[in-house]
Amino acid sequence: MAIRKETGIIIQSKDIGDSDRLISLAGESQVRMNFISKGIRKSKRRAIISTEIGCMVEVDYYDQSEKDWKSTKEIHLINRYDELKKDYIGTLFVLYITELTSYLYPEGESHPFLYQLLSGSLETSNTNGFRKEILPFFKLRALTHMGHFPSEFYCFTCGEEILSKKKAYFSVDSREFLCSDCHPIPKDHLPVLKLFHIMLSKKFSNVLSVYPRETEYKEGDLILNQFLRSLFGKELKSYFEFYKTIGDL
Ligand SMILES: [Zn+2]
């Protein structure tokens, strides 16, 4: 049987039976797949850490097209993001961002962009420490890429660019931008929408240097959390503890 390889970040990891574990990868090149690691929880030779959530791994697997999951031959740990996972907030962040990716990434589809975004976010947080500003950045990039969030900033009614208007609003319910010329708007989102616009065109480190104020990131994250709630119809399991711990609840 042919052996193939995939590199990716583990976005789901669950125990099956007494000794097996099933992992799901946001992969570098192939569709989202599940891999079963037989006997890993009782193995003396193979390290259980290579199936831990939020690790970058390379999987050697048997190419069986008829199954819902692939049998693994070997799993090699590439990066555990140890610095990030050393403290409680970093660990909660990893749980949160992988759960979010898992919700956004349909099985059987291929989105190398999500792998890049996720591995980049873990890498930068591991190197420079976790920053709350990464949360709206990650969500906005992922949501626009998956076609959930609009990537162009035009008023739904007049069709004009909202970024040049006096005030503007993003309606989570209708998923539309509205300008203050056409609508009485309940709240001015313009500073946040300008930040969103920058987030879609610049690297995270550059966004931080162009836009150092924390206020808009926080408000942007609030809007995106409402958006996620309306998209998934529920809260992520890791949400409450994470947001309570970072003091944003
Ligand atoms: Zn308008």
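Which residues does Q30 touch, not counting residues up to four places away in sequence? The first legend picks this up; all the views come from a predicted model.

**View 1. Q30 and its surroundings, in the loop between β2 and β3.** Leaving aside residues up to four places away in sequence, Q30 touches E6 and S110. Q30 counts as partly exposed because it has 15 C-beta neighbours inside 10 Å. For a sense of scale, take E160: Q30 and E160 sit 130 residues apart in sequence, and their C-alpha atoms are 39 Å apart in space.

**View 2. The two domains, split as 3–79 for domain 1 and 131–245 for domain 2.** Measure from C-alpha centre to C-alpha centre and domain 1 and domain 2 lie 34 Å apart. UniProt, in an unreviewed entry, lists residues 1–79 as "domain: DNA replication/recombination mediator RecO N-terminal". That span is 57% strand and 0% helix, and its end C-alpha atoms are 28 Å apart.

**View 3. A closed barrel of five strands.** Go round it and you meet the strands in the order β1-β2-β3-β5-β4, with mixed pairing. On average, neighbouring strands of this sheet are turned by 55° against each other, direction ignored. β1 (residues 3–16) and β4 (residues 56–62) pair in the antiparallel sense, over seven bridges. One spot to look for is T7, whose bridge partner in β4 is E58. Outside the strand pairings, helix α2 (residues 88–104) lies across β1 and β2 (20–27), and runs at about 110° to β1.

**View 4. β5 and its pairings with β3 and β4.** What sense does the pairing of β3 and β5 take, parallel or antiparallel? β3 and β5 (residues 69–79) pair in the parallel sense, over three bridges, and I36 has S71 as its bridge partner in β5. With β4 it goes the other way: β4 and β5 run antiparallel and are joined by six bridges. Here V57 is the residue to find, with L77 as its bridge partner in β5. A hairpin takes the chain from β4 to β5 through six residues.

**View 5. Helix α5 (residues 190–199) and what its buried residues pack against.** The buried residues of α5 are L190, V192, L193, L195, F196 and M199. They pack against α4 (134–145), β6 (168–171), α6 (204–210) and α7 (214–232). How do α5 and α7 cross? Their axes come within 9 Å and cross at roughly 85°, so the two helices are roughly perpendicular to each other. On the α5 side the contact is made by P191, V192, L195 and F196, and on the α7 side by E216, Y217, E219, G220 and I223.

**View 6. Two residues with positive phi, Y81 and R175.** Most residues other than glycine have a negative phi. Y81 is not a glycine, yet its phi is positive, at about 60°. R175 isn't a glycine either, and its phi is positive too, at about 55°. Y81 is found in the loop between β5 and α1 (82–85), while R175 has its place in the loop between β6 and β7 (176–179). Are they buried or partly exposed? Y81 counts as buried because it has 21 C-beta neighbours inside 10 Å. R175 has 14 other C-beta atoms within 10 Å, so R175 is partly exposed.

Technical notes: Residues are numbered from 1 along each chain as its sequence is written. This is a predicted model: local features need pLDDT of at least 70, side-chain atom pairs count only at pLDDT 80 or more; totals for chains, interfaces and linings use all residues. Domain bounds come from an automatic or database domain assignment. UniProt positions are given in the numbering used here, feature names are shortened, and annotations may be inferred rather than shown by experiment. Helices (H or I, at least four residues) and strands (E, at least two) are DSSP runs, numbered from the N terminus. Two strands pair if DSSP finds at least two bridges between them. Axes are lines fitted to C-alpha atoms, for helices over the stretch in contact, and angles run from 0 to 180 degrees between N-to-C directions. Two residues are in contact if their C-beta atoms, placed from the backbone, lie within 7 Å. A residue is buried if 20 or more other C-beta atoms lie within 10 Å of its own, exposed if 12 or fewer, and partly exposed in between; C-beta atoms are placed from the backbone. Angles under 35 degrees count as roughly parallel, over 145 as roughly antiparallel, 65 to 115 as roughly perpendicular and the rest as oblique.
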